[in-house]
Amino acid sequence: MPTQYRAIRTARRQIRALGQIRNIKMPVYVNGELVLYGFVGDDFWREGFTSTEVLEALAEHGTENDLPVRLNSGGGLAFEGLAIYNALQAHQGKVTIIVDAIAASAASIIAMAGDEIIMRAGSEMMIHDPSGVTFGTADDHEKAKSALDKLGSQMASIYAARSDNSAEDVRQTMKDETWLIADEAIEAGYADRAEEAKAKPVSAFDYRVYSKAPDRLVALSNEKGWSLPTAVSRSAASAAPTGQQETIMPDKTKADENAAETDKLKADVAAETKARIKAITGLEEAKGLGALANHIAFNTETDVEAAKATLAAARNDLGSSEEGQQEAGQQDTETNPTAYEQQRLLASSQALPGGSPSTVKAEVKPGAIYAARRKSLKEA
């Protein structure tokens, strides 16, 4: 095993000992399967996936190879879901979607891309109308309504094509926010068959944002503390409750105040993130261990002191041999933290006010850091 991978494995053991292993985000591509768990379009509670990650996984898997897709998501950004749906539709090999626990909202759109859709016993699917929040004049609200109507019609056409139901019937089902167990989804044409294997626990999501979410999911969100920031839950086009009434602002001043508060929040979060990343990558213990330091800084929530201990343990395992130092030095050239940080901030901005169904786009810029991360996880 190459020396740098021994160092990464040692780091993992150290992280586990520190109780931080829960902070490592689940990879999207695992053992030839696409694993889509968590928030669509970003990650919260260390679960989530983006269209960029899916496209990179598909390229690694090979366009003509059959592809199993494990799906367990409460939803997220509608346009990210549509981008992933289109990517899977374009895949030349057979795409088998397995709903491990839940496929709600944007995730149910992703499920429709399967040549075969299998639901585990006890799993659920939910489809509903897209929604969002608008600030401004009556004209602004009318424009937003028109955009949401178009998006809803586009989503209805996808459900209708897969289920052989009429677009009109599907749209009404969406407006009703319909939750379906496996047998109901099969009967309605949104799945092909049920699997006897018991469903896995649902992925982390703030299910309270849905107006008709089952009581057990609402209770689970309360118990686990799965609470999306208000700005995120309201602006994610497929994550806000369909029954929520729109707030009429008395004047533009209030809207401006809210926008300023949101901008300050974004700036504070970005500043804290940059400071933590700079502190970790600038540690004396990080010298010669650039890839590992970047992994800890960018892909986990490990604090500076814990990162320092992890890097020190990795350095001890790496040793001081000429070969070890040579391999460690090469890691710094395999990553581009600046580009990665820009991509992460872009993904975060899509889930905050300022984006709209017509402006949120998935920009594909495959970064070397994703390839390096997957390689490290596979080899370790």
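What follows is a walk through the fold, the strand pairing, the charged pairs and a few single residues of one predicted chain.

Being a predicted model, the structure is read with some filters: local features need pLDDT of at least 70, side-chain atom pairs count only at pLDDT 80 or more, and totals for chains, interfaces and linings use all residues. Residues are numbered from 1 along each chain as its sequence is written, and side-chain values use heavy atoms, with hydrogens and water left out.

The chain holds 15 helices and 11 strands; these are DSSP runs numbered from the N terminus, with H or I over at least four residues for a helix and E over at least two for a strand. Of the 380 residues, 50% are buried (buried is under 20% relative accessible area, exposed over 50%, partly exposed in between, with a 1.4 Å probe and protein chains only). About 18000 Å² is exposed by the chain, and carbon and sulfur atoms supply 50% of that area (Shrake-Rupley method, 1.4 Å probe; for residues, only the protein chains shown count as cover). Among contacts between residues at least 6 apart in sequence, 72% join residues at least 24 apart, a contact being heavy atoms within 4.5 Å.

Strand pairing comes next. Strands of a sheet pair through backbone hydrogen bonds, either parallel or antiparallel; here two strands count as paired if DSSP finds at least two bridges between them. Strand β9 (residues 124-127) is covered on both faces, with Glu 124 and Met 126 buried on one side and Met 125 and Ile 127 buried on the other. Strand β7 (residues 95-104) runs parallel to β9 over three bridges, and Ile 102 has Glu 124 as its bridge partner there. With strand β10 (residues 178-181), β9 pairs in the antiparallel sense over four bridges, and Met 125 is matched to Leu 180.

Elsewhere, three strands make an open sheet with mixed pairing, in the order β3-β5-β4. Since β3 (39-40) and β4 (43-44) are at the edges with a single partner strand each, one side of each is left without a neighbour in the sheet. The pairing of β4 with strand β5 (residues 47-49) is antiparallel, over two bridges, and Phe 44 has Glu 47 as its bridge partner.

Now for the charges. Side chains of opposite charge can pair when their charged atoms come close. The structure holds 13 salt bridges, each defined as a side-chain nitrogen of Lys or Arg within 4 Å of a carboxyl oxygen of Asp or Glu. In one of them, Arg 70 meets Glu 33 at 3.7 Å, N to O. Arg 70 is in strand β6 (residues 67-73) and Glu 33 in strand β2 (residues 33-37), so this pair ties together parts that are 37 residues apart in sequence. At 22% relative accessibility, Glu 33 is partly exposed. Asp 100 and Arg 120 form another salt bridge, their closest N and O atoms 3.6 Å apart. Asp 100 sits in strand β7 and Arg 120 in strand β8 (residues 116-121), so the pair links parts 20 residues apart in sequence. Both Asp 100 and Arg 120 are buried. Salt bridges that share partners join Glu 33, Arg 70, Asp 100, Arg 120 and Glu 195 into one network. Glu 284 and Lys 287 also form a salt bridge, at 3.3 Å between the closest N and O atoms, and both residues are exposed.

Arg 276, in helix α10 (residues 252-281), is buried yet has no salt bridge: the nearest side chain of opposite charge, Asp 303, is 7.5 Å away (Lys and Arg count as positive, Asp and Glu as negative; His and the chain ends are not counted). Leaving aside residues up to four places away in sequence, Arg 276 touches Ile 296, Ala 297, Thr 300, Glu 301, Thr 302 and Val 304.

A few loop residues round things off. Ser 203, between β11 (193-198) and α8 (215-224), is buried at 2% relative accessibility. The side chain of Ser 203 reaches the backbone oxygen of Asn 72 at 2.9 Å. Beyond four places in sequence, the residues touched by Ser 203 include Gly 38, Glu 47, Ile 102 and Trp 226. Ser 105, in the loop between β7 and α4 (106-111), has a positive phi of about 55° although it is not a glycine, and is buried at 0% relative accessible area. Asp 164 also has a positive phi, near 65°, in the loop between α5 (138-163) and α6 (167-175); at 72% relative accessibility, Asp 164 is exposed.

Definitions and conventions:
Polar contact = N/O pair within 3.5 Å; in protein donor to acceptor, adjacent residues only side chain to side chain.
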